[in-house]
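Visitor: I'd like to learn how to read a structure like this one, feature by feature. Can you walk me through it?

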Amino acid sequence: MEPGSAPGPEAIAEPQAIPRQRWRLVLERLGDAPALAGRELIDAWEQAIETTGLPLHRPGGRSRARVALGAPLPLGMAAERELAEIVLTEMLPVWRVRAALVGGLPAGWRLVDVYDVWVGSPALAGRVSGAQYRLVVDGPADPGAIAAAAAALLQAGRLPRARIKGDSQVAYDLRPLLVDVGLTEPGPPVVLRIRTKIHPELGTGRPQEVLAALADQLGRPLAAASITRERLILAGDPD
């Protein structure tokens, strides 16, 4: 470009809209939701959120806005208070955001609540430290024996287990990932509440593995009729 000449249109960069508002969504995944997980679930969310008409922030020139999910949800598992976040380029009142989201969620999901959080707060996934589950035991079970087995798990120093990873088994200790397990209903059916950690290095405590550890303690098989993730737990949340 010659000195003193004006830049051509191709030399003028499109101004990048900056993030001005961040909304945290509290969500329920219903029993009839499509069985999606991983990248498929994220794609479904990003496609759905584009239909809301909200002024979505698209970082780095992305064609679609990013939806930040709190933690991976096992395939087909029902959930009552999942967390997700979206970022907007305009300041909007909560009623407008809620109204737009109600009609713009993936199939099988329901909006429970929505509230704004500081736009510069740490990433949601990095704040998730655990999860709470409701597990309904399949078939007849002795509530007293299960309660005693649960107490034994919590008193144990180690709970050696093995996970299938690819074509091999990986040994690990479940105990550091188990926060609490106990009966909420003696039944029938017996209902358990299980709280586990989600740790960046140790991994995730899975309710099925806690049930398997209970079965080993009892010396008899136990199966789950249903498992529901009741909520995610964020670092710093009150117990």
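Visitor: Let's go straight to strand pairing: in which sense do strand β2 and β3 pair, and over how many bridges?

Guide: Bear in mind that this is a predicted model. Strand β2, residues 68-69, pairs with β3 in the antiparallel sense, and the pairing runs over 2 bridges. To see it in the model, find Leu-69, which stands opposite Ala-84 in β3.

Visitor: Which way does strand β1 run against β3?

Guide: Strand β1 covers residues 21-29 and runs antiparallel to β3, with 8 bridges joining them. Look at Ala-84 again: in β3, Ala-84 is the bridge partner of Leu-25. So keep Ala-84 in view, with Leu-69 opposite and Leu-25 as a bridge partner.Visitor: And how do β3 and strand β11 run, parallel or antiparallel?

Guide: Those two run parallel, joined by 2 bridges, with β11 spanning residues 224-234. A place to find the pairing is Ala-78, whose bridge partner in β11 is Thr-228.

Visitor: Where does β11 go from there? Which way does it run against β5?

Guide: β5 and β11 run antiparallel and are joined by 9 bridges. Tyr-133 marks the spot nicely, standing opposite Arg-229 in β11. β5 also pairs with β9 in the antiparallel sense, over 7 bridges. There, Gln-132 has Arg-195 in β9 as its bridge partner.

Visitor: How many residues of strand β5 are buried?

Guide: For burial, the cut-off is under 20% relative accessible area. In strand β5, residues 128-137, 8 of the 10 residues are buried, so the strand is largely enclosed by the rest of the structure.

Visitor: Now a single residue on β9. Is Val-191 buried or exposed?

Guide: Val-191 counts as buried because its relative accessibility is 5%. Val-191 lies in strand β9, which covers residues 191-199. Leaving out residues up to four places away in sequence, Val-191 touches Arg-134, Leu-135, Val-136, Gly-182, Leu-183, Thr-184 and Glu-185. Take Val-136: it is 55 residues from Val-191 in sequence, yet their C-alpha atoms are 4.6 Å apart in space.

Visitor: What about Val-102, buried or exposed?

Guide: Exposed means over 50% relative accessible area. Val-102 is exposed because its relative accessible area is 58%. You'll find Val-102 in helix α2, residues 94-102. From Val-102 to Thr-52 there are 50 residues in sequence and 8.6 Å in space, C-alpha to C-alpha.

Visitor: And where is Ala-35 placed?

Guide: Ala-35 is in the loop between β1 and α1. With 52% relative accessibility, Ala-35 counts as exposed. Ala-35 and Pro-74 are 39 residues apart in sequence, and their C-alpha atoms are 9.3 Å apart.

Visitor: How should I read a nonpolar core?

Guide: In soluble globular proteins, nonpolar side chains tend to be buried together. Here, the largest nonpolar core has 56 residues, and those with the most contacts inside it are Leu-25, Trp-45, Ile-86, Leu-101 and Leu-192.

Visitor: Which residues is Ile-86 in contact with?

Guide: Setting aside neighbours within four places in sequence, the contacts of Ile-86 include Gln-21, Arg-22, Trp-23, Leu-25, Ile-49 and Leu-101. Leu-54, Leu-56, Arg-66 and Val-67 are also among them.

Visitor: How does one look for empty space inside?

Guide: Rolling a probe the size of a water molecule over the atoms shows where empty space is left. This structure holds 1 cavity of 30 Å³ or more. The largest cavity has a volume of about 60 Å³.

Visitor: Which residues line the largest cavity?

Guide: Among them are Leu-27, Leu-41, Trp-45, Leu-69, Gly-70, Glu-82, Ala-84 and Trp-109. The elements giving two or more residues to this lining are α1 (38-49) and β3 (78-88). β3 gives the most, with 3 residues. By type, the lining divides into 9 nonpolar, 1 polar and 1 charged.

Visitor: One last feature: how many residues lie between the strands in the hairpin of β6 and β7?

Guide: There are 2, and in this hairpin Gly-166 takes a positive phi near 70 degrees. Strands β6 (residues 160-165) and β7 (residues 168-173) run antiparallel, joined by 6 bridges. Pro-160 stands opposite Asp-173 in β7.

Note on methods: Residues numbered from 1 in each chain as written. Predicted model: local features only at pLDDT ≥ 70, side-chain atom pairs only at ≥ 80, totals over all residues. Heavy atoms only, no water. 1 Å grid on protein atoms, 1.4 Å probe; cavity = no way out; pocket = protein on both sides within 12 Å on 5 of 7 lines; lining within 4 Å. Points joined across faces, edges and corners; volume = space filled by probe spheres on them. Helix = DSSP H or I, 4+ residues; strand = E, 2+ residues; numbered from the N terminus. Nonpolar A, V, L, I, M, F, W, Y, C, P; charged D, E, K, R; others polar. Pairing = 2+ DSSP bridges. Core = buried A, V, L, I, M, F, W, Y, C linked by side-chain atoms within 4.5 Å. Buried < 20%, exposed > 50% of the residue type's maximum accessible area, 1.4 Å probe, protein only. Contact = heavy atoms within 4.5 Å.
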